Amino acid sequence: MTSKLWGGRFTGSTDPLMEAFNASIPFDRRLWRADIQGSQAYARALARAGLITEDEARQIVAGLDQVASEWAEGRFQLQPTDEDIHTANERRLTELIGPVAGKLHTGRSRNDQVATDVRLWLREEIDRLQEHLRALIAVTVERAAAEIDWLMPGYTHLQPAQPVRWSHWLLSHAWAWQRDASRLADLAVRVNLLPLGSGALAGNPFSIDRRQLAEDLGFAGITPNSLDGVSDRDFIVEFLSWAALTMVHLSRLAEDLIIYSSREFGFVTLADAYSTGSSLMPQKKNPDALELLRGKTGRVVGALNSLLVVLKGLPSTYNKDLQEDKEPLFDTVDTLQACLQIACGVLSTLEAHPERMAAALVPEMLATDLAEYLVRRGVPFRETHHIAGAAVQLAEQRGVPLSALTVEDLKGLHPAFQEDVAQVWDYEASVERRDVEGGTSRRAVQAQIQQLRQWLQG
Ligand code: ARG
């Protein structure tokens, strides 16, 4: 038991079940690189503060390089006493370079160490997530540009509402992801602060230059209060809520595509690469990639909830409860890395069927345009809405499509209807009339494409 980092004041040994219960090494080992990076910078800071010699710092840094290559090459041998990644690395360093390793932890605590490690680690993961998000947006934008001619029904309440461009629908998802990217960049600013030098809770007694340390590790600044520095997990909460919302967006895409790929809709066919079959029904091709995007949203929303519940009711500074921040964070990062790439793959290989989209357009989706025809002839909209409604009812009674009503039928409903009302029955014209910024016209959709392309380049 004296081999424990904190064993000095203990005489009894730890219950074996407690040993396993307490250990975070099974999951925090993935922080090995960040932990070594942080320790190397800390060794240099100790030397700058005159607490160890330049030579001792060199030995520590070189020893940690060796530990790093053991991890990188899968040669690192975990020992039963390796409670967490910090303990494991320091234990191994001691084996490699001897007692001088014992100087590394001077003025440092695992409390400021772990907070630093997680920030270093998450910073890199955020960079990768940003790349995946951008790739997803780029694929969507280029599809939108290539397929701008295609029209499809737009839905509200999942009921056919008005015709829109397929590209407009694609871009509606891209914009949500663009906001996700910008939210991620916002929160990355708060991840990128250095807690090291906060000690266990009360700060560092050896005049470590925290700003120099921050610069060394590429942090934009330092945390301003040591009590807060060791316990602040807001950046993880922010990250998890970013992730939850991003998953909600992916889930919405997935749900749209599950519906659009159903036999009844048939607007799209999911590539074989992202579908699976049934063990029983030979004809089945199931949209599993999409269902998993939708389903994994649950675990990410759960991760956010689980961390909030861990934090709720904690007193100030470090408490071991905080060790429970890691599994939800790691699982969420893994899930998002995968989901963003899968969504990108799905969208880049998806086969779309413009003829099926066109066939789903029905004249009733132009009832609003019929009302607008009268508006252009000076009839107040409330009235035109009512008249167009009466036209829908008349067509329904006759069992014909709305567009089959004659000019005489329509004139019977309002004298302002003229021969040219036939122009209303044109989906393309309807979409083109919505030429406002953010609308469905070709020009308006092209403007969105331009905006997103510019954003992608920036
Ligand atoms: N494994 C711990 C964690 O993840 C490291 C910090 C431990 N600190 C302590 N005082 N026991 O939070």
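Two residues are in contact when their C-beta atoms, placed from the backbone, lie within 7 Å. Keep that cut-off in mind for the first stop.

**The whole chain**

Show the whole protein chain. This is a predicted model. Of its contacts with a separation of 6 or more, 74% join residues 24 or more positions apart. Colour by secondary structure next: the protein chain has 18 helices and six strands. Now turn the chain along its principal axes. Its C-alpha atoms fill a box of roughly 100 × 50 × 40 Å. The radius of gyration is 31 Å, where a compact globule of 458 residues would have one near 23 Å. Buried residues make up 37% of the 458.

**Two domains**

Select 7-103 and give it a colour. That is domain 1 in the domain assignment. Select 110-359 and give it another. That is domain 2. The C-alpha centres of domain 1 and domain 2 lie 32 Å apart. Where they touch, domain 1 brings 17 residues and domain 2 brings 21.

Stay on the domain 1 side of this contact. Select helix H2 (25-28) and helix H3 (32-48), the elements that give two or more residues to that side. Which of them gives the largest share? H3 does, with nine residues. Colour the residues of this side by class: eight are nonpolar, four are polar and five are charged.

**Around the ligand**

Go to the ligand. Select Ser 24, Asp 28, Asp 84, Arg 110, Asn 111, Val 114, Tyr 318, Lys 320, Leu 322 and Gln 323, the residues around the ligand. Colour this shell by domain. Domain 1 (7-103) and domain 2 (110-359) each give at least three residues to the shell. Which helix supplies the largest share? Helix H6 (residues 110-146) does, with three residues. By class, the shell holds three nonpolar, three polar and four charged residues.

**The largest nonpolar core**

Now look inside. The largest nonpolar core has 92 residues. Select Leu 213, Leu 240, Leu 293, Cys 339, Ala 343 and Val 346, which touch the most other members. Then highlight H6, a helix already met at the ligand. H6 gives the most to this core, with 13 residues. The core draws on both domains, taking at least three residues from each of domain 1 (7-103) and domain 2 (110-359).

Centre on Leu 293. What does Leu 293 touch, not counting residues up to four places away in sequence? Show Leu 250, Ser 251, Ala 254, Cys 339, Ile 342 and Ala 343. Two of these names, Cys 339 and Ala 343, also appear among the core residues that touch the most other members.

Another core lies apart from the largest one. It has 14 residues, including Met 365, Ala 367, Ala 391 and Phe 417.

**Last stop: His 414**

Select His 414. Trace the chain on either side: His 414 lies in the loop between helix H16 (407-413) and helix H17 (427-433). Is His 414 buried or partly exposed? His 414 counts as partly exposed, because it has 18 C-beta neighbours inside 10 Å, and buried would take 20 or more.

Show the partners of His 414 next. Leaving aside neighbours within four places in sequence, His 414 is in contact with Leu 374, Val 379 and Ile 387.

Finish by drawing a distance from His 414 to Arg 119. The two residues are 295 apart along the chain. Their C-alpha atoms are separated by 68 Å.

Terms used
Residues numbered from 1 in each chain as written. Predicted model: local features only at pLDDT ≥ 70, side-chain atom pairs only at ≥ 80, totals over all residues. Domains from an automatic or database assignment. Helix = DSSP H or I, 4+ residues; strand = E, 2+ residues; numbered from the N terminus. Nonpolar A, V, L, I, M, F, W, Y, C, P; charged D, E, K, R; others polar. Near = placed C-beta within 6 Å. Core = buried A, V, L, I, M, F, W, Y, C linked by C-beta atoms within 7 Å. Buried ≥ 20, exposed ≤ 12 C-beta atoms within 10 Å, placed from the backbone. Rg over C-alpha atoms; globule rule 2.2 N^0.38 Å.
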